[in-house]
Amino acid sequence: MALEVQVLTGRKGSNPGGICNIIVNPYRIIPCYVKYCPGSHLPRGSNLGARNQPVYEAVTNELVRRVGLATPRTHVLIDTDKDVRFIKLDGAREGLGEGRRYYFVSELVTTKQSKNQELLKEVRDREEPYLDILGICDVFNISNNYFFYEDKTGKIVYIDLGCSFVRAKEGWIEIKNRDRREMGSRDNLKRARKELANYSIVPAQGGSPISLFSLVEDIPNIELSTLNPDKRMAVTGVLSPAEITEIQTILTVEIDRGLKKYRRNPHIIIRN
């Protein structure tokens, strides 16, 4: 039986996509935002590709959760066998772009949003360095990228993070210029890896510090939630070894840059 995706709206963000209901089975319906990235401005010789950008974004969300920040539940919708059925309902201005191998799925957040700007700033100031260290930028420039609600201390849920190691905008994927420059230096990469091995990051919500080196090295073992099939799948089951190595190289450069900025802050970074 084909998995059904009801497309409810047209594009809402900078990349193609829309609000949907995914009918996993009659008893499980997922209200969500579904998106993808069709075009590439990647440099010649890169092992990365636009068709896998939804997987890259899912990896980014997992990394963010590992350092203690909150996101909605995310999934990679797989349509490699072209057995997902897309149905455009009356409210949708356009289709979803059928025929892609992968789609990024972010479940909708329905909690009432807080207007307490003072508390939002306090939480933002505490959590933004974690995004910065992972190379995730411009989140707070667009209010639709995050959702803020009050619990005991205030909580931000990061709805649209993009990707830490590539940039996807207006349907095009590219490597940031600053990363392309620094990736080309073997000496710089060797030094950066040594630096990451010397430091750990303290999760935003507390818990045991995480080695920055291990955060990068463990990427192949990250398990992603997938739909069609509905299970968890290791990154190695979706991305090639060459892609994973390139992701690790870019992320090493990004984290090393953030480390230089925050390593004197013992609330975020500690020496091993």
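**Exercise 1. Which residue in β13 is the bridge partner of Ile 201?**

Work outward from this pair to the sheet that contains it, bearing in mind that the model is a predicted one.

*Solution.* The bridge partner of Ile 201 is Ile 210, which belongs to β13. The next step is to look at the strands themselves: β12 and β13 are paired in the antiparallel sense, over two bridges. Widening the view, one finds an open sheet of three strands in the order β13-β12-β16, with antiparallel pairing. Since β13 (210-211) and β16 stand at the edges and each has a single partner strand, one side of each is left without a neighbour in the sheet.

**Exercise 2. Describe helix α2, beginning with its span and going on to its ends, its bend and its surroundings.**

*Solution.* Begin with the span: α2 covers residues 117-133, 17 residues in all, and the distance from its first C-alpha to its last is 24 Å, close to the 24 Å expected at 1.5 Å a residue. The helix nevertheless bends by about 35° at Arg 126, and a proline, Pro 129, follows within four residues.

Turn then to the ends. At the N-terminal end, Asn 116 acts as the cap, with a side-chain oxygen 3.3 Å from the backbone nitrogen of Glu 118. Just after the helix, Gly 135 adopts a positive phi of about 80°.

Finally, consider burial: the buried residues of α2 are Leu 119, Leu 120, Val 123, Glu 127, Pro 129, Tyr 130, Leu 131 and Ile 133. Among the elements that cover these residues are α1 (53-66), α6 (241-262), and the strands β12 (199-201) and β16 (269-271).

**Exercise 3. Examine the backbone of Glu 170 and of Asn 228, and decide for each residue whether it is buried, partly exposed or exposed.**

*Solution.* As background, most residues other than glycine have a negative phi, and most peptide bonds are trans.

Take Glu 170 to begin with, which is found in the loop between β10 (167-169) and β11 (172-174). Its phi is positive, at about 55°, although Glu 170 is not a glycine. With a relative accessibility of 47%, Glu 170 counts as partly exposed, because that category lies between the 20% and 50% limits.

Asn 228 is found in the loop between β14 and β15, and its phi, near 65°, is a positive value in a residue other than glycine. The relative accessible area of Asn 228 is 19%, so this residue is buried, the criterion being under 20%.

A last step concerns the bond that follows: the peptide bond from Asn 228 to Pro 229 is cis, with omega near 10°. Pro 229 has its place in the loop between β14 (223-227) and β15 (231-234).

Note on methods: Residues numbered from 1 in each chain as written. Predicted model: local features only at pLDDT ≥ 70, side-chain atom pairs only at ≥ 80, totals over all residues. Heavy atoms only, no water. Expected span 1.5 Å × (residues − 1). Bend = angle between axes of the 7 residues up to and from the residue. Buried < 20%, exposed > 50% of the residue type's maximum accessible area, 1.4 Å probe, protein only. Contact = heavy atoms within 4.5 Å. Polar contact = N/O pair within 3.5 Å; in protein donor to acceptor, adjacent residues only side chain to side chain. Pairing = 2+ DSSP bridges.
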